[in-house]
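Reader: Hi! Could you walk me through this one before I set anything up?
Author: Happy to, let's have a look together.

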Amino acid sequence: MPSKRLFDRHVGDAFLAGVPAAPGVYRVHDEAGELVYVGKAKNLKRRLAQYRDAGRRKRHAKMRDIVRAARHIEFEACPSHLEACLLEAKLIREHRPRFNVAGAYHFLYQFLGLRQNSGDLALCYTTRPDDFPDYSPHGAYRSRQATRDAFWALVKLLRYLAPAERPSSEPVPRYSFVRSFRKPAGTWLAPLTRFLRGDDTDALRELVLALLAKPAARRHAKEVEASLFALRTFRADEIAPLARARARTGYAAWPVPQAERDPLFLRAKYADDERAAWRQARKTHNLS
């Protein structure tokens, strides 16, 4: 059945007439009343009309699936597109509708933790930083693959700098990892902290120079270079974007809690739009 006829039958042929051409959020419910999708739009009327007009192209497949499931659509106008984005993210976090994937599982965002004790250095990877109260957590980082790769890359490189790796005697939660190193050569807590926060682009250079002094690292140059590449990729894809978002919004807290990471990026993305709107509103107010 064409999407237009299906939309009119499921939602009502007069539905769009009551939708405002304003920023906002819409909620799609199925026949059982379950919330199955949350979306946002700069123009609610135009966006919801796209569902009615969805074609047979592959890029419209998700729209067609949502229309097939829909029996009731609610909408809520917002003061700005940013407010609509923030509300959408909040509703997805709270309800995790089945057609929403991005942002629904913020509690799986990862942290890397550091701890130094009597010269020993320990690293942890976890999605549950509260289970590691003795560690300084850094994050939250979104990409599981990039964060895991960075953790294991650091482990491999520190093995060249430490006399021995200490087995962990502490209980480690599921899906978390801990590695401890006995008195690694050099003081690494400060440079690694700067690296993970995005405060220092030269931290990796210090690590490279220390590795060059180790014959074993030079013998395994390909492995070392692969680990350094994983760390550079992690810096480019996770560390630097998070640092830019914090700088652009003036977000001072560290680490960034899992639930606040996506809203932080939304505020950073639309910061210029919000400032422009504020200036326009102020100008209008002064003129009046």
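Author: Here we go from the whole chain down to a helix, a glycine and a surface patch, keeping in mind that this is a predicted model.

Reader: Great. How many helices and strands does the protein chain have?
Author: There are eleven helices and eight strands in the protein chain.

Reader: And what about its radius of gyration, set beside a compact globule of 288 residues?
Author: The protein chain comes out at 25 Å, whereas a compact globule with that number of residues would be near 19 Å. Along the principal axes, the C-alpha atoms fill a box of roughly 75 × 50 × 35 Å.

Reader: What share of the residues is buried?
Author: Buried residues are 44% of the 288 in the protein chain. As for the surface, the chain exposes about 15,800 Å², with 51% of that supplied by carbon and sulfur atoms.

Reader: How much of the contact list is between residues 24 or more positions apart?
Author: If you take contacts with a separation of 6 or more, 65% of them join residues at least 24 positions apart.

Reader: Nice. Switching to helix H3, which of its residues are buried?
Author: H3 covers residues 61-69, and its buried residues are Met63, Ile66, Val67 and Ala69.

Reader: Why do they line one face of the helix?
Author: Looking down the axis of H3, the buried residues fall within an arc of 165°, so they sit on one face. In general, an α-helix has 3.6 residues a turn, so residues three or four places apart point the same way.

Reader: What do those buried residues pack against?
Author: Their partners are helix H1 (3-11), strand S1 (24-29), strand S2 (35-41) and helix H2 (44-52).

Reader: You promised a glycine. Is Gly39 buried or exposed?
Author: Gly39 is buried, because its relative accessibility is 1% and the cut-off for buried is under 20%. Gly39 belongs to strand S2.

Reader: Which residues does Gly39 touch?
Author: Leaving aside residues up to four places away in sequence, Gly39 touches Gly24, Val25, Tyr26 and Glu88. For a sense of distance, Gly39 and Ala210 lie 50 Å apart, C-alpha to C-alpha, with their positions 171 residues apart in sequence.

Reader: Last topic: which residues form the nonpolar patch on the surface?
Author: Tyr105, Phe107 and Leu108 form that patch, and together they have about 250 Å² of accessible area.

Reader: Where is Phe107 found?
Author: Phe107 is in the loop between helix H4 (81-95) and strand S4 (110-117). Phe107 counts as partly exposed because its relative accessibility is 33%.

Methods. Residues numbered from 1 in each chain as written. Predicted model: local features only at pLDDT ≥ 70, side-chain atom pairs only at ≥ 80, totals over all residues. Heavy atoms only, no water. Patch = residues over 30% accessible without salt bridge, like charges linked within 9 Å, V, L, I, M, F, W, Y side chains within 5 Å. Areas by Shrake-Rupley, 256 points an atom, 1.4 Å probe, with all protein chains shown as cover. Salt bridge = Lys/Arg side-chain N within 4 Å of Asp/Glu carboxyl O. Helix = DSSP H or I, 4+ residues; strand = E, 2+ residues; numbered from the N terminus. Buried < 20%, exposed > 50% of the residue type's maximum accessible area, 1.4 Å probe, protein only. Arc of directions from axis to C-beta. Contact = heavy atoms within 4.5 Å. Rg over C-alpha atoms; globule rule 2.2 N^0.38 Å.
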